Amino acid sequence: MRSLNFVLLSLCAATLLSTPNRAQESDAPITIIRAGTLIDGTSAKPIKNQVIFVQGDRIIKVSGDTGTLTGKDVIDLSHATVLPGLIDSHTHIFLWGEDPAKGGYDANILNAGIAQRAARATVAVRRALEQGFTTLRDVETEGAGYGDVEIRAAIEEGTIPGPRLFVVTRAISTTGGYNLEGYAPELDMPKGAQLVDGPVEARKAAREQLEHGADWIKVYMTHRSWVDRAGHLVSQPTLTVDELRAIVDEAHGWGKKVACHAYGGIGLQRALDGGCDSIEHGLELTDANIAQMLRQGTWLCPTLAPYYQNWAPENTPAGQRDRKRAEVHEPSFKRALHAGVKIAFGTDMGGIPWDQPIAHEFDYMVKFGMSPMDAIRSATSRAAEMLDMKGEIGALAPGVYADVIAVRGDPLANIAELRNVSFVMHNGAVFKSETSK
Ligand SMILES: [Zn+2]
């Protein structure tokens, strides 16, 4: 039975609506969120004392808070900072860390069967939602086939809690271009990506992945990295421009985009020449690379955090590589930022264990010169733009999906506040509230 309060609120909310829309016509109950400070994901400045009206899975109105709204359908976040649900544009829900002591990357494929991997992915998506990430672009299953399509379906049918997923399925690289490797040549080892050689195979792989539900295509344009004798970071190129062009042409024909893992050098140049829509990592960007990205409208998803932690010992080739990667990544990010390259927040979670805070990436973005507001926008409205979801997610405005989070402190003063998300609403349903455990 609906309370009188609810009826009054509904009437009140209805009269506040200036334009009729689909949601208003529905008789779904209206939930009201009082926001002490509102960061709407698009504006340059926060706004004080706002009210968000949610009906069904959408926001129907945002307006000033007169302080008069009370009742059981009012969520009082008047002491908190309220933001759009966050978007992580580079995750791996099927990856469970790469700690060498636990068998490294290979253990993910060699020691865990598909059911265990699915169970882990189920935990990963819940962990993301708990931390306020209501959308993920998950950039390959690392040998778990089309499992991401099925986790996406399980979330959409309500079987398990999780964010909205954009998935790439298997990802594509070349022979000699992806793990598992280093085993006896007689062994036919499983691979973490679909390996192709030649434009025909490349196009076929893209077609297969798109047929089976890929929202994006992910391509590895570089593989491995090391420091050469002259002290430069080198990363082995994989696909040729012709191979990549076949994939990009196919994906674009389906109205989909292509994300390219590329560290630098020849492989990154091929990624740009082949028409990639987003460069993943982009550790070493030349001025010419940056100019080409600006010209082509290419996104950069820098994933800074994983390159600044867990380095191998200093006097080892791996340790030197790890330090060199960090050394070149920071100035590349800064130059791309100052040149105006479009930057989307991404973490490489999965490579980073899922018990670590996803929002750690914000710390590096801000430390390397991005304003806190721009860092937030890279994980809200900017990421939505990259995902072709502008006006649907990544903002707090009428018509947008009701993905709403809150933190107690001020993330513009201390970006680390985003590690402590205390309230999460996803598609209009409260997943986590300050009183819940
Ligand atoms: Zn990755």
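**Group meeting talk: a disulfide, a zinc site and salt bridges**

Cys260 is buried, with a relative accessible area of 0%. I begin with this residue in a predicted model, and I shall move from the cysteines to the metal site, then to the charged pairs, and finally to packing and the surface.

Which residue is the partner of Cys260 in a disulfide? The partner is Cys276, and the two sulfur atoms lie 1.6 Å apart. A search of the whole structure finds one disulfide. As for its setting, Cys260 belongs to strand 13, residues 257-262, while Cys276 sits in the loop between helix 8 (265-273) and strand 14 (278-281), so the bond ties together parts that are 16 residues apart in sequence. Cys276 is also buried, at a relative accessible area of 4%. A further cysteine, Cys301, takes part in no disulfide; the nearest cysteine sulfur to it, that of Cys260, is 12 Å away. Cys301 counts as buried as well, at 0% relative accessibility.

I turn now to the metal. Which residues coordinate the zinc ion? They are His90 and His92, each through NE2, and Asp348 through OD, at 2.1 to 2.3 Å. Along the chain these donors follow the spacing H-x1-H-x255-D. His92 is found in the loop between strand 5 (86-91) and helix 3 (104-110), and Asp348 in the loop between strand 16 (342-343) and helix 11 (360-367), so this pair ties together parts that are 256 residues apart in sequence. His92 and Asp348 are both buried.

Next, the charged pairs. The count of salt bridges comes to 21, and I shall discuss some of them. In one, Glu280 pairs with Arg137, with the closest N and O atoms 2.8 Å apart. Glu280 lies in strand 14 and Arg137 in strand 6, residues 133-138, so the salt bridge ties together parts that are 143 residues apart in sequence. Are these two side chains in buried or exposed residues? Glu280 is buried at a relative accessible area of 0%, and Arg137 is buried, likewise at 0%.

Another salt bridge joins the side chains of Arg321 and Asp322, at 2.8 Å from N to O. Here Arg321 counts as partly exposed, at 23% relative accessibility, whereas Asp322 counts as buried, at 6%. The cut-off is relevant to this reading: a residue is called buried under 20% relative accessible area.

A further example lies within a helix. Glu385 forms a salt bridge with Arg382, and the closest N and O atoms are 3.1 Å apart. The two residues are three apart in helix 13, residues 381-386, and are therefore separated by about one helical turn. As general background, an α-helix has 3.6 residues a turn, so residues three or four places apart point the same way. Both partners count as partly exposed: Glu385 at 27% relative accessibility and Arg382 at 28%. Beyond these pairs, Arg203, Arg207, Asp249 and Glu250 are linked in a network of salt bridges.

Let me now consider packing. How many of the 10 residues of helix 5 are buried? Seven are, and the helix, residues 147-156, is mostly covered. The buried residues are Gly147, Asp148, Val149, Ile151, Arg152, Ala154 and Ile155. They pack against helix 4 (114-130) and strand 7 (164-167). After helix 5 comes Gly158, whose phi is positive, near 85°.

Leu77 offers a second view of packing. This residue lies in strand 4, residues 74-84, and is buried, with a relative accessible area of 2%. Leaving aside neighbours within four places in sequence, Leu77 is in contact with Ile33, Arg34, Ala35, Gly36, Val82, Ala406, Phe423 and Glu434. In addition, Leu77 and Ser433 are 356 residues apart in sequence and 10.0 Å apart in space, C-alpha to C-alpha.

Finally, the surface. Which residues form a nonpolar patch there? Leu110, Tyr183 and Leu187 do, with about 270 Å² of accessible area together. Of these, Leu187 is placed in the loop between strand 8 (172-173) and strand 9 (194-195). Leu187 is partly exposed, at a relative accessible area of 49%.

To close, I return to two of the sites. The disulfide joins Cys260 and Cys276, and the zinc ion is coordinated by His90, His92 and Asp348.

Notes:
Residues numbered from 1 in each chain as written. Predicted model: local features only at pLDDT ≥ 70, side-chain atom pairs only at ≥ 80, totals over all residues. Heavy atoms only, no water. Patch = residues over 30% accessible without salt bridge, like charges linked within 9 Å, V, L, I, M, F, W, Y side chains within 5 Å. Areas by Shrake-Rupley, 256 points an atom, 1.4 Å probe, with all protein chains shown as cover. Salt bridge = Lys/Arg side-chain N within 4 Å of Asp/Glu carboxyl O. Helix = DSSP H or I, 4+ residues; strand = E, 2+ residues; numbered from the N terminus. Buried < 20%, exposed > 50% of the residue type's maximum accessible area, 1.4 Å probe, protein only. Disulfide = S-S within 2.5 Å. Contact = heavy atoms within 4.5 Å. Donors = N, O, S within 2.8 Å, 3.2 Å for Na, K, Ca; no water.
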